[in-house]
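Let's take a walk through this one together, starting with the chain as a whole and ending at a single side chain. Have the viewer open as you read.

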Amino acid sequence: METHLLALPAGYRIESYEIQAVLGKGGFGITYRALDLQLDKQVAIKELLIDSIATRVEGSTVVPQSASLQEDWDWARESFRKEAKVLARFSHPAIVGVHRIIEANGTGYMVMDYVEGETYEARLRRIGREPDQASLMAVIGPLLDGLSEVHEHGLLHRDIKPENILINRRGQPVLIDFGTARSTVAATMTMTMMGTVGYMPIEQSQTKGKKGPWTDIYAIGVMMCRAITGGKPPSATDRIMEDDFQWLSYRQIPGYSEKFLQAGDWALRVRPEERPQSIADWMPHLLSSGTSTPEVNQNIPVAEPEAEVPNDELAQPERNFVDPPANPPKRRYQPVLWVSLALTGLVLLLVVAFSHSGGISPGVFLTLTGLVLSLVVAFLHSGGISPEQSYLQGVAYLKGEGVTKDENHGLELITTAAKKGLAKAQNELGEIYYSGEGVTKDIVEAVKWCRKAAEQEHAVAQNNLGNLYYKGEGVTKDTAEAAKWFRKAAAGGNQEAAAWLKQNGY
C-alpha cells in the first residue's frame with residue numbers, strides 16, 4: 001500500500017465501502033482501492049482533498065486551511081458533487097464509470113469502477129514508442145470518442161496524460177482521474193487550476209486563460225508526440241517565449257503518414273484559438289480512409305479574380321516555393337545595405353583624415369564615430385528595409401523579376417513584412433500556407449495570417465476569411481461569421497464577396 005500522510009488508513013469504512021489501499025495522490029485529491037461490502041467487489045474511490053485549499057484534521061475530517069478559503073472550499077465541494085452527477089450519466093467503455101457520490105468527513109467521495117491493467121505510461125516505457133499509426137489510434141480513438149461526450153456536457157478533464165489512461169485486461173483504453181475536471185461555467189473560479197506540466201496548455205497556467213475542448217486536445221497532442229517520438233515537446237510556457245519545437249510533420253517517422261502528423265501538429269499549437277476547437281473538428285483529420293488522413297489544409301482562395309469564380313473553384317496563382325527549413329535561413333541583406341556600409345566607411349575615412357589635419361578634436365571624432373556606428377547597428381537590426389520594401393522585394397524574388405529568382409528568400413522577406421504588420425504581406429502569407437505550394441501546408445497558420453490582414457480591413461483577406469468560416473476549414477463552420485466577413489469584404493470593393501452575399505440572400 002502506498003503511504004500518504006493525509007490518506008485514510010486501510011480498513012477505514014465510508015458507509016458500505018472499506019478502504020484497502022491508496023492508488024494515487026494528486027493535487028486535487030486521493031484515490032483509493034476499496035471493497036464494496038454489499039456486493040463483494042472492488043471499486044475505486046476518489047476523495048476530494050485539494051492541497052492548496054484543504055487539509056485533514058482529527059484523523060478523517062477535511063477542512064479548509066483557513067477561514068478565508070471557506071468560500072473556495074464550499075464551491076469545490078459543490079462542483080465535485082455536480083461533476084459526479086454528470087459523469088454518472090456516461091456509459092462509455094473509454095470513460096471510467098461513476099456510481100455514487102458520498103458526502104462525509106466534511107468532503108466528498110466519488111465511487112467509481114476499479115479498472116485492472118497497466119497505465120499507458122507504463123506501456124510506453126515498456127515498448128518505447130507506438131510502432132505505427134494504427135497502434136496509436138487504437139488508444140486515442142476510443143478516448144476521443146468518450147471525451148467528446150464529456151465535452152458535450154460542459155466538462156473538461158484538464159489532466160490528460162499517459163498516467164491517467166489505463167489499458168484494461170481486454171486491451172481497451174480507459175480515461176481515469178477526472179478529479180481535476182471542472183464545469184466550463186466555473187471558468188471564473190479563482191482557485192489554482194490543476195494540471196501536469198508538459199501536458200498542460202498555456203491557458204491552464206493563466207488566471208484568465210479561456211479553457212474549452214481545445215485544452216484537452218492539446219494534452220492529447222502532447223501524448224501523441226510522446227507515443228510517436230518517445231519524447232514530449234517543451235512546456236507550453238517555454239514555447240510561448242521561443243518555440244523551437246520541431247513539428248511532427250517536419251520529420252520522417254516510419255509508420256506514420258504526413259497528414260496524420262499534421263493533424264498532431266494542429267493539436268500542439270500553443271495559442272488556443274489556433275488549435276481544433278472541438279473533437280468533432282479534429283477527428284476527421286485523424287480518421288479518414290483507415291490509417292490515412294484527409295487534407296488538413298486545403299487551397300485558400302487567393303487574390304481577387306478579374307472575373308467571378310464560384311467560391312469552391314477559386315483560381316490559384318502559380319507558385320513554386322520550397323519547404324521552409326527547420327531553422328530559418330540567415331538574413332540576407334540587400335544591395336542597398338552594402339552601399340550604405342560603403343558610404344559609412346567613406347565617411348569614417350574622411351573624419352579620420354580631417355581629425356589628423358587638426359580640424360577636429362578627438363572627443364568630437366569619437367562622438368561622430370559612435371553616432372555612425374549606432375546608425376549602422378539600427379539599420380542592421382531593422383533589416384535595412386521597410387515592410388513595404390520587404391514585401392515588394394519578396395514578390396520580386398519569388399517571380400524572378402529584376403533579380404535572380406530565389407523563392408526561399410522571397411518567402412522569408414514576405415514573412416518579415418507580415419510580422420511587421422503589413423496587411424497585404426499577411427494575406428499573401430496566409431494564402432501561401434493555405435495552398436501549401438512550396439511550404440508545408442498549415443491551415444492554422446493560414447487562418448492566423450488571413451485574420452490579421454482582415455482585421456486591418458484588407459478586403460481580399462476578409463473574403464478569404466469568409467470562405468474559411470463558410471467551409472469550416474481551420475475554424476468551426478459558422479455561416480453567420482462568414483457572412484460578416486463577406487460583408488466587410490464587399491464594402492471594401494471585393495466583387496467575389498458581393499456575389500456570395502447576393503447568391504446566399506444576404
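When we talk about contact here, we mean heavy atoms within 4.5 Å. With that in hand, look at the overall picture, keeping in mind that this is a predicted model. Take the contacts in the protein chain between residues at least 6 apart in sequence: 57% of them join residues at least 24 apart. The chain has 506 residues, and 50% of them are buried. About 23900 Å² is exposed, with carbon and sulfur atoms supplying 53% of that area. As for secondary structure, you can count 16 helices and 13 strands.

Now zoom in on a sheet. Six strands make up an open, antiparallel arrangement, running in the order β1-β2-β3-β4-β8-β7. At the edges sit β1 (13-14) and β7 (98-104), each pairing on one side only. Further in, β4 (residues 41-48) and β8 (residues 107-113) pair in the antiparallel sense over five bridges. For a concrete spot to click on, A44 has M112 in β8 as its bridge partner. Packed on this sheet is helix α1 (residues 70-87), which touches β4, β7 and β8, and its direction makes about 20° with that of β8.

Finally, jump along the chain to S249, in the loop between α5 (236-239) and α6 (258-267). Is S249 buried or exposed? Its relative accessibility is 12%, and buried means under 20%, so S249 counts as buried. What surrounds S249, leaving aside its neighbours within four places in sequence? The residues in contact with S249 are E258, L261, Q262, D265 and T440. With D265, the link is also a polar one: the two side chains make a polar contact at 2.6 Å.

Technical notes
Residues numbered from 1 in each chain as written. Predicted model: local features only at pLDDT ≥ 70, side-chain atom pairs only at ≥ 80, totals over all residues. Heavy atoms only, no water. Pairing = 2+ DSSP bridges. Helix = DSSP H or I, 4+ residues; strand = E, 2+ residues; numbered from the N terminus. Axes fitted to C-alpha atoms, helices over the stretch in contact; angles between N-to-C directions. Buried < 20%, exposed > 50% of the residue type's maximum accessible area, 1.4 Å probe, protein only. Polar contact = N/O pair within 3.5 Å; in protein donor to acceptor, adjacent residues only side chain to side chain. Areas by Shrake-Rupley, 256 points an atom, 1.4 Å probe, with all protein chains shown as cover.
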